Amino acid sequence: MSDVLVLTALELEARGLARQLELSRLSRFAFPVYELERGGCRLRLAPVGPRAALLRDRWPALAADLLSPLVVSAGTCGALAPELEVGGLLLPESVLGLDGERLNVTPGAHAAALRLAPEARRGLLLTSRDVLATPDDKARGFHATAAAAVDLESALILAWAARQGCPSLVVRAVSDTARQHLPSELGGVVTPEGKIRAGRAVALFLTHPRTIPHALLLQRGTGRALQAVARVLAALVE
């Protein structure tokens, strides 16, 4: 089994997965990196920011001592297919990129993941430039692409892995359903590095209390989604 390099968007996702997988934080990195070694295989986990904005800068340090690792785009996604519920696991064969290009995950890695989680939804995942925040946005995305769900990073991560000659996989789970509305103000509490601005979140809830139920629902959905993702990642290195 080769090393596994798991990339999330948000630090919140990385911390949540690291906690569930009982990974240790590596102090030699200037940004959050977590790792577990088992049976000669390392599972390394790090955030690369929304839209994978930090991937280019962080890759040299992350991959310096890894030999052609399996690169996994992991974390949450928003459902586009009406039947997908919170916590539903996706193992897509392909990701539709920002310019309509289709990027495929590595077939062998995908087949191995499906053996570990045969209940997962397969098919297509959409990577979008922008958050699809409303039920109408999500419905338009679904009808235009037939993708089961949407994120902001997977196509970028797969394209980068291909350029580095690394195999790739996507392990995502649903944090918000196709029926769910995400207030645009919530995006302002996340920094470009994928950190949560606690002070800004408090100010938002004081000035826009209508966002609180949406934020709590998304928080619960994120927790359930990360549990589903963690089960697959743990099995990859058992």
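No disulfides are found in this predicted model: the count comes to zero. Two of the cysteines lie away from the surface. Cys 41 is buried, with a relative accessibility of 4%, and Cys 77 is buried as well, at 3%.

Helix α3 offers a friendly place to begin looking at the interior. This helix spans residues 107-116, and its buried residues are Ala 109, His 110, Ala 113 and Leu 114. These residues sit on the same side of α3, because the arc they cover around the axis is only 135°. Their packing partners are two strands, β5 (70-79) and β11 (168-176). The face of α3 turned away from this buried side carries Pro 107 and Arg 115, both exposed.

Charged side chains provide the next part of the picture, with a count of 13 salt bridges. One of them lies within a helix: Arg 15 and Glu 11 meet with an N to O distance of 3.9 Å. The two residues are four apart in helix α1 (residues 11-21), so about one helical turn separates them. Their surroundings can be compared through accessibility. Arg 15 is partly exposed, its relative accessible area being 40%, whereas Glu 11 is buried at 9%, which falls under the 20% limit for that class.

Other salt bridges join distant parts of the chain. Arg 28 pairs with Asp 65, and the closest N and O atoms are 3.4 Å apart. Here Arg 28 comes from the loop between β2 (24-25) and β3 (34-38), while Asp 65 belongs to the loop between α2 (55-63) and β5, and the two positions lie 37 residues apart in numbering. Arg 28 is exposed, with a relative accessible area of 55%, and Asp 65 is partly exposed, at 36%. Both residues also take part in a network of salt bridges, in which they are linked with Asp 3, Glu 35, Arg 42 and Arg 44.

A further long-range pair is formed by Arg 129 and Asp 99, whose side chains meet in a salt bridge at 3.0 Å, N to O. This pair likewise connects two loops: Arg 129 is found between β9 (124-127) and α4 (135-145), and Asp 99 between β7 (94-96) and β8 (102-104), the two being 30 residues apart. Arg 129 is partly exposed, with a relative accessible area of 45%. Asp 99, for its part, is exposed, with a value of 66%.

Technical notes
Residues numbered from 1 in each chain as written. Predicted model: local features only at pLDDT ≥ 70, side-chain atom pairs only at ≥ 80, totals over all residues. Heavy atoms only, no water. Disulfide = S-S within 2.5 Å. Buried < 20%, exposed > 50% of the residue type's maximum accessible area, 1.4 Å probe, protein only. Arc of directions from axis to C-beta. Contact = heavy atoms within 4.5 Å. Salt bridge = Lys/Arg side-chain N within 4 Å of Asp/Glu carboxyl O.
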